[in-house]
Amino acid sequence: MKLLQKLEILADAAKYDASCASSAAEKRDSTNSGGIGSTSGGMGICHSYTPDGRCVSLLKILLTNFCQYECAYCVNRTSSNVPRARFTVAEVVKLTLEFYKRNYIEGLFLSSGIIQSANYTMEQVVEVARTLRLQHSFAGYIHLKTIPEAAPELLAEAGLYADRLSINVELPSEVSLKQLAPEKNARSIERSMANLDQGIRAYKASKLDAKKKRNNKLLKPAFSPSGQSTQMIVGADQSTDATILQKANGLYRSFKLKRVYYSAFSPIPDASSDLPLQAPPLVREHRLYQADWLLRFYGFTVDELAFSTNANGDAVNMLALDKDPKLAWALANRELFPINLNTADYEQVLRVPGIGVINARRIIRQRRIRAIRYNDLIQLKLPIQKIKYFVSTLDHHPHTQALDGAMLDQQFSVGATPQLTLF
C-alpha cells in the first residue's frame with residue numbers, strides 16, 4: 001500500500017480522538033542543536049481545520065488501525081470492516097519531518113490500535129518519538145496516546161520524549177467499560193495515570209528546586225512537561241452528565257490532569273446492539289465543556305450545578321441544553337441576585353452570567369479608582385441583555401420583579417435547533 005493511502009486511512013481513523021490540543025508546551029527550539037522544529041513563538045506554525053471545524057495544527061494519525069480489542073463504540077475494533085493500514089516507524093518519522101518542513105504542522109499527535117500486545121504497540125509508539133528526538137533533534141511538539149496496559153517502563157520512557165501524554169478513560173463508569181470495552185480495565189487505566197502523575201510531579205518539583213537554588217544540576221530530565229490529559233465518550237452508555245462530571249472532577253483532583261475532553265459518541269457501521277442508534281446532540285458535549293470550565297476556573301462544585309428535571313419534577317442529572325450551565329445556576333438561585341458590583345467580592349462577581357474571569361478582574365480593578373456604573377459594563381462589551389437582571393451598579397438597580405418573573409427563564413432559552421453530525 002502506498003504511503004498516501006496509508007495516510008488517508010490512518011488520519012481519518014484518528015479524527016475521533018479529541019484530546020489533541022497542544023497547549024502549555026514548554027518553550028523549546030532547535031537553533032543551537034542543529035535539529036528541526038520549535039514550540040516557541042508560534043513561528044512556522046500553521047493551523048488546519050477538520051471538516052467539523054476543529055482546529056488541528058498537528059499531524060494527527062494512528063500508527064495503525066489494526067486492533068485486537070473489541071471496544072463496541074470504536075470504529076477500529078477488531079470485528080470492524082473498515083480498511084486497515086499500518087505505518088512503519090520510519091514512515092511516521094518521515095511524514096512528521098516532511099510536513100514540518102512544509103509548514104503544515106507544529107508537531108505530532110500519535111495514537112494506535114493494539115497489535116500483538118500492549119507492550120509491542122507501545123514500543124513502536126515510543127520508537128517514533130525517540131527517533132524524532134534523538135536522531136533528528138526534533139524540537140516540535142509531540143503528544144503520545146499511551147496504552148495503560150503497557151509496562152510502566154515504556155510509559156516512563158514515553159514521558160521523556162513527549163510534551164504531553166494522554167490515556168483515555170473512555171467511559172465514566174467501570175460497569176460501562178466492562179460492558180463495552182471488555183479488554184480494558186478501569187483500575188489499570190487509573191494506575192497508569194497515577195504513574196504518569198508521579199513522573200510529572202517529580203519533574204516539576206525538580207524544576208522549582210533548581211530555580212530556587214539556582215542550580216540546574218538539580219533539574220531532572222523533562223517528563224511530559226505539558227502534563228497529561230484524557231478523553232471520555234459521551235452518549236455511548238446511560239451515564240448522566242452528573243456522573244460524567246463527577247468522574248472528571250475526581251480525575252482533576254487525583255491526577256492534576258490538564259484537560260478532560262468530552263467526545264460525543266458517533267454511531268458506527270455494524271454497531272453493537274448495546275449502543276444507542278443515534279448520536280447525542282452535540283450541544284450536550286458543549287454544555288459539558290462549559291460545566292467543566294466552571295469546575296476548574298469558577299469555583300463551582302458538581303453538586304452546585306443545576307441539573308434538569310423531568311415532567312414530574314424528578315431530577316434527571318442532566319445539564320439543561322437550552323441554556324449554559326452558569327445561567328442555569330443563576331436562574332435556579334435568583335435569591336442571590338442582583339450582585340452589587342461595587343461591593344461584591346471577586347468570587348461573587350465571577351458567578352454573574354456573562355462575566356468571565358478577565359472581566360471580573362477588570363471590574364475589581366476599576367472600582368478601586370471609582371464606582372462602577374452601568375455604562376462601564378457597556379464599555380467592557382459585556383452582554384448587557386443577559387447581565388442587567390443579575391447586577392446592580394451605582395446607577396442601575398434592577399427591579400426584583402424582573403428577576404423573579406416567570407418569563408425570564410423563557411427569555412434566555414435557546415430554541416432547539418437541528419444538530420449537524422460530526423463526520
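Me: Is Cys67 buried or exposed in this model?

Reply: In this predicted model, Cys67 is buried, because its relative accessible area is 17% and the cut-off for buried is under 20%. Cys74, by contrast, is partly exposed, with a relative accessible area of 26%.

Me: How many disulfides does the structure hold, and why is Cys67 not bonded to Cys71?

Reply: The way to read this is to look at the distance between the sulfur atoms, since a disulfide calls for a pair of cysteine sulfurs within 2.5 Å. The structure holds zero disulfides. For Cys67, the closest cysteine sulfur is that of Cys71, and at 6.3 Å it is too far for a bond. Cys74 is likewise in no disulfide, the nearest cysteine sulfur being that of Cys71, 6.0 Å away.

Me: What should I look for in the nonpolar core, and which residues have the most contacts inside the largest one?

Reply: As a general idea, nonpolar side chains in soluble globular proteins tend to be buried together. Here the largest nonpolar core has 110 residues, and Tyr73 and Phe390 are those with the most contacts inside it. Helix 3 (residues 118–135) gives the largest share of this core, seven residues. If neighbours within four places in sequence are left aside, the contacts of Tyr73 include Leu171, Leu180, Ile233, Phe265 and Leu275, together with the charged-type names Glu170 and Lys184.

Me: Phe390 was named as well; which residue in helix 9 is in contact with Phe390?

Reply: That residue is Leu331, found in helix 9 (residues 325–332), and, leaving aside neighbours within four places in sequence, Leu331 is in contact with Lys323, Phe390, Leu408 and Asp409. Leu331 is buried, with a relative accessible area of 8%. Its contact with Asp409 joins parts of the chain that are 78 residues apart in sequence, although the two C-alpha atoms are 7.0 Å apart in space.

Me: How do I read the sheet, and what is the order of its strands?

Reply: In general, strands of a sheet pair through backbone hydrogen bonds, either parallel or antiparallel. This open sheet of six strands has the order 3-4-5-6-7-8, and its pairing is parallel. Strand 3 and strand 8 (259–264) are the edge strands, each pairing on one side only. Neighbouring strands are turned against each other by 20° on average, direction ignored.

Me: Starting from the edge at strand 3, where does each strand find its partner?

Reply: Strand 3 (residues 58–62) is joined to strand 4 (residues 107–111) by five bridges, with the two running parallel, and Ile61 stands opposite Leu110 in strand 4. Between these strands the chain passes through helix 2 (residues 89–101), in a β-α-β crossover that is right-handed. Strand 4 is in turn joined to strand 5 (residues 141–145) by four bridges, again running parallel, and the bridge partner of Phe109 is His143 in strand 5.

Me: Strand 3 is an edge strand; how many of its residues are buried?

Reply: Five of its five residues are buried. Leu58, Lys60 and Leu62 point one way, whereas Leu59 and Ile61 point the other way. Part of the surroundings can be seen from helix 1 (residues 3–13), where Lys6, Leu7, Ile9, Leu10 and Ala13 are buried, and what covers these buried residues includes strand 3 and helix 2.

Me: Why is strand 7 described as largely enclosed?

Reply: Strand 7 is largely enclosed by the rest of the structure because seven of its seven residues are buried. Both of its faces are covered, with Gln228, Thr230, Met232 and Val234 on one side and Ser229, Gln231 and Ile233 on the other. Strand 7 pairs in the parallel sense with strand 6 (residues 164–166) over two bridges, and with strand 8 over six bridges. The bridge partner of Leu165 is Gln228 in strand 7, while that of Ser229 is Arg259 in strand 8.

Me: Which helices belong with strand 7 and strand 8?

Reply: Helix 7 (residues 241–255) makes a right-handed β-α-β unit with strand 7 and strand 8. Helix 8 (residues 282–297) lies across strand 7 (228–234) and strand 8, running at about 165° to strand 8.

Note on methods. Residues numbered from 1 in each chain as written. Predicted model: local features only at pLDDT ≥ 70, side-chain atom pairs only at ≥ 80, totals over all residues. Heavy atoms only, no water. Core = buried A, V, L, I, M, F, W, Y, C linked by side-chain atoms within 4.5 Å. Buried < 20%, exposed > 50% of the residue type's maximum accessible area, 1.4 Å probe, protein only. Contact = heavy atoms within 4.5 Å. Pairing = 2+ DSSP bridges. Right-handed = clockwise from strand over helix to strand, strands pointing away. Axes fitted to C-alpha atoms, helices over the stretch in contact; angles between N-to-C directions.
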